[in-house]
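Welcome! Here is a short briefing to help you find your way around a new structure. Take a look at the model first, then read on.

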Amino acid sequence: SSGINAEYGGRVPPNELQIYTWKDASLKELTNLIKDVHPQASEKGTMFNFALSFPDRKGMFHFKEVGTTSVGHTGPDDKLTLQTVRLEIGDYMDVAIRPPPEDRLKERRNVPMRRDSGRGFRPRPY
């Protein structure tokens, strides 16, 4: 095995997406590429949180949050490029895709609740 599979010992997320691009690509351009492959992420208000994942000299990976974009909205991070966020060859980009806020509220309402020592209710940690 080679590439990212070798880097992570064969353990990669099942929804991994490999994009080959230039360092002048913006976070908004990456957002649009991801939406093309995952149409369910195209709903207005969907948030894309970008973080660099890079190895140190000992081979341990670290994360650095670099920006956020939103479908259907313009934001300050849209025009950040891979070069301006200091992506280096060999780094990985981790992208967390979050549903629109109203969908997140629906998800929270469906979380099982339990009693918390008489102080009210709170979501279960699983």
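Among the contacts in the protein with a separation of 6 or more, 54% are between residues 24 or more positions apart. Please keep in mind that this is a predicted model. The points below go from the whole chain to the sheet, then to one helix and one residue.

**The whole protein**
- The protein contains three helices and five strands.
- Starting from the N terminus, its elements follow the order α-α-β-β-β-α-β-β.
- Of the 126 residues in the protein, 25% are buried.
- About 9300 Å² of the protein is exposed, and carbon and sulfur atoms supply 53% of that area.

**The three-stranded sheet**
- As general background, strands of a sheet pair through backbone hydrogen bonds, and they do this in either a parallel or an antiparallel way.
- Here, three strands form an open sheet in the order 2-1-3, and their pairing is antiparallel.
- Strand 2 (61–70) and strand 3 (92–98) are at the edges with a single partner strand each, so each has one side without a neighbour in the sheet.
- From one strand to the next, the twist averages 25°.
- How many bridges join strand 1 to strand 3? Strand 1 covers residues 47–55, and seven bridges link it to strand 3, with the two running antiparallel.
- If you would like a place to look along this pairing, find Phe50, which stands opposite Val95 in strand 3.

**Helix 2 and its buried side**
- Helix 2 spans residues 27–37, and its buried residues are Leu27, Leu30, Thr31 and Ile34.
- Why do these residues lie on the same side of helix 2? They cover an arc of only 105° around the axis, and therefore they share that side.
- The cover over the buried residues of helix 2 includes strand 1, strand 2 and strand 3.

**A closer look at Ser70**
- Ser70 is a residue of strand 2.
- Is Ser70 buried or exposed? Its relative accessibility is 10%, and because buried means under 20%, Ser70 counts as buried.
- Which residues is Ser70 in contact with, leaving aside its neighbours within four places in sequence? They are Lys28, Gly45, Thr46 and Met47.
- Two of these names link back to elements described above: Lys28 falls within helix 2 (residues 27–37), and Met47 falls within strand 1 (residues 47–55).

Definitions and conventions
Residues are numbered from 1 along each chain as its sequence is written. This is a predicted model: local features need pLDDT of at least 70, side-chain atom pairs count only at pLDDT 80 or more; totals for chains, interfaces and linings use all residues. Side-chain values use heavy atoms; hydrogens and water are left out. Two strands pair if DSSP finds at least two bridges between them. Helices (H or I, at least four residues) and strands (E, at least two) are DSSP runs, numbered from the N terminus. Axes are lines fitted to C-alpha atoms, for helices over the stretch in contact, and angles run from 0 to 180 degrees between N-to-C directions. Buried means under 20% relative accessible area, exposed over 50%, partly exposed in between (1.4 Å probe, protein chains only). Contact means heavy atoms within 4.5 Å. Accessible areas come from the Shrake-Rupley method with a 1.4 Å probe; for residues, only the protein chains shown count as cover. The arc is that of the directions from the helix axis to the C-beta atoms.
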